[in-house]
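Open the model in your viewer and keep the sequence panel beside it. This tour goes stop by stop: what to select, then what is there.

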Amino acid sequence: MGSLDLEHPWFSSSMESFDGSLYIHIEEVNAADNVDSVNNVKPATHSSYNIPKPPPMPAKICRTTNKPRQLPDSCCVPKETKDAWDKLFKEGYGADVNIITGNESVISAHYGLLSVASPVLRNFLQQAKVRNGVRYIKIPGVPYGALYVFIRFLYSSCYDEAEMEKFVLHLLVLSHSFSVPSLKKVCVNLLERCWLTTENVVDVLQLARKCDAPRLSLFCIRMIMRNFKTVSSTEGWKVMKRANPALEQELLESVVEADSRKQERLKKQEEKKVYVQLYEAMEALLHIWKEGCRTIGPCDKVLKGGQFPCNFPACKGIETLLRHFYSCKTRVPGRCVHCKRMWQLLELHSRMCNDPDYCKVPLCRHFKEKMKNQSKKDDAKWKLLVSKVIAAKNVLRAFSSQR
């Protein structure tokens, strides 16, 4: 429920209608009578501490000068009004403009309405020849049906879907040439929604650029890049290649750039997967040596025979790698690929471990000592790897918390 606005302009008028009901008549009292009444008052028999305290004074009300509420800009045109304007156009009552099409057909219209609807048409009409009070202008190169739909839209913003789809390209050109942005918006929405195909997308792209429709141009370019093999074999592409080689070169560069971005994005996704797998491997190492898993675990822990399957995704792979590491006869780093991988995992754990003195993972303290004698180049590589794994860990935890 909204609050009462005391500063509202119609509040005073509404209060005037209640003057009779809210009027309080105050009678005059003689001074002598007033004195007698005061003298006749008997003192109270109650003690002073039984007298209730008076209520507190009312708080000071801070009135803010609110501006009267204004209705937002709105437009609600009833259907009857649109029908009336549509009827005025179709019947041509009192028309003072004749528009001649390319096939010498005539469309009747009204000078005042066309002048308001299109500033370009106003300039044409001001320079047109006047015969018997009627102005004549000619718009060649446009079919009669397209021009009829265009003038009708200027009157009532009404159109038939079938006619709009049939003449949408002509109407896009007319809306741009005669500066009718509302009609251009309708044409662009129709082209984007259901009219574009791989056969006509190149032609529509060229037309969109000439008609200053950047959204439609971007829509066409994205469609060409998604279906480049199909579009490049169409007749429209071949004609564009001969007539506008600069546009062809631009589209080819866009396709190559999009493909490069796609490859780069896939590469980064694969790198993230590797870092996530490394983080899971670090978690599995801690799990195996601290909690124990299946037949591998710390020497001071007895595992139960009916143990449940491990929930760590990398645990099984780490167990297999550890079995090979313990049984491999050429355990020297660099000779065995599997052992080399195990050495790297152990060193990565050592660089991420914050408590090597109490860590149960093998060789943790050994690699901590080894880091002191490493070159700056190798140390920088390992630090970069550790930062990437930690970043993957943070992203994985954030994603798990959201789920």
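**Stop 1: the middle of the sheet**

Select Ile100 and Lys138: Ile100 stands opposite Lys138 in β4. Bear in mind that this is a predicted model. Now show β1 together with strand β4, residues 134-138. The two pair in the parallel sense, over four bridges.

Go back to Ile100 and look toward β2. There, Ile100 stands opposite Val106.

**Stop 2: the hairpin**

Select β1, residues 97-100, and β2. These strands pair in the antiparallel sense, again over four bridges. Which residue of β2 is the bridge partner of Val97? Click on Ala109: that is the partner.

Next, select the residues that link the two strands. The hairpin of β1 and β2 has five residues between its strands. Stop at Glu104, which takes a positive phi near 70°.

Now turn on side chains along β2, residues 106-109. They alternate. Ile107 and Ala109 point to one face and are buried. Val106 and Ser108 point to the other face and are not buried.

Do the same for β1. Are its side chains buried or exposed? Val97 and Ile99 point one way, Asn98 and Ile100 point the other way, and all are buried.

**Stop 3: the whole sheet**

Select the four strands at once. They form an open sheet in the order β2-β1-β4-β3, with mixed pairing. Find the edges: they are β2 and β3 (129-131), each of which pairs on one side only. From one strand to the next, the twist averages 30°.

Add helix α6, residues 119-126. Helix α6 packs on the sheet and touches β1 and β4. The direction of α6 makes about 115° with that of β4.

Then add helix α7, residues 144-156. Helix α7 also packs on the sheet, touching β1 and β2. Sight along β2: the direction of α7 makes about 5° with that of the strand.

**Stop 4: two serines in helices**

Select Ser115 in helix α5, residues 111-117. At 7% relative accessibility, Ser115 counts as buried, because the cut-off for buried is under 20%. Where does its side chain reach? Draw a distance to the backbone oxygen of Tyr111: the side chain of Ser115 reaches that oxygen at 2.7 Å. Now show Arg122 and Leu125. Ser115 is in contact with both, leaving aside its neighbours within four places in sequence.

Move to Ser175, in helix α9, residues 168-177. Ser175 has 2% relative accessibility and counts as buried. Which residues does Ser175 touch, not counting those up to four places away in sequence? Select Phe150, Val180, Leu183 and Lys184. Phe150 belongs to the stretch you coloured as α7, residues 144-156.

**Stop 5: the cysteines**

A disulfide is a covalent bond between the sulfur atoms of two cysteines. How many disulfides are there here? The count comes to zero. Select Cys359, which is in no disulfide. The nearest cysteine sulfur is that of Cys353, 4.0 Å away. That pair does not count because the two sulfur atoms would have to lie within 2.5 Å. Cys359 itself counts as buried, at 16% relative accessibility. Jump to Cys339: this residue is buried too, with a relative accessible area of 0%.

**Last stop: zoom out**

Show the protein chain as a cartoon. It has 19 helices and four strands. Colour by burial: buried residues make up 30% of the 403 residues. Switch to a surface. The protein chain exposes about 29,000 Å², and carbon and sulfur atoms supply 55% of that area. Finally, draw the contacts between residues at least 6 apart in sequence. Of these, 56% join residues at least 24 apart.

Methods: Residues numbered from 1 in each chain as written. Predicted model: local features only at pLDDT ≥ 70, side-chain atom pairs only at ≥ 80, totals over all residues. Heavy atoms only, no water. Buried < 20%, exposed > 50% of the residue type's maximum accessible area, 1.4 Å probe, protein only. Pairing = 2+ DSSP bridges. Polar contact = N/O pair within 3.5 Å; in protein donor to acceptor, adjacent residues only side chain to side chain. Contact = heavy atoms within 4.5 Å. Areas by Shrake-Rupley, 256 points an atom, 1.4 Å probe, with all protein chains shown as cover. Axes fitted to C-alpha atoms, helices over the stretch in contact; angles between N-to-C directions.
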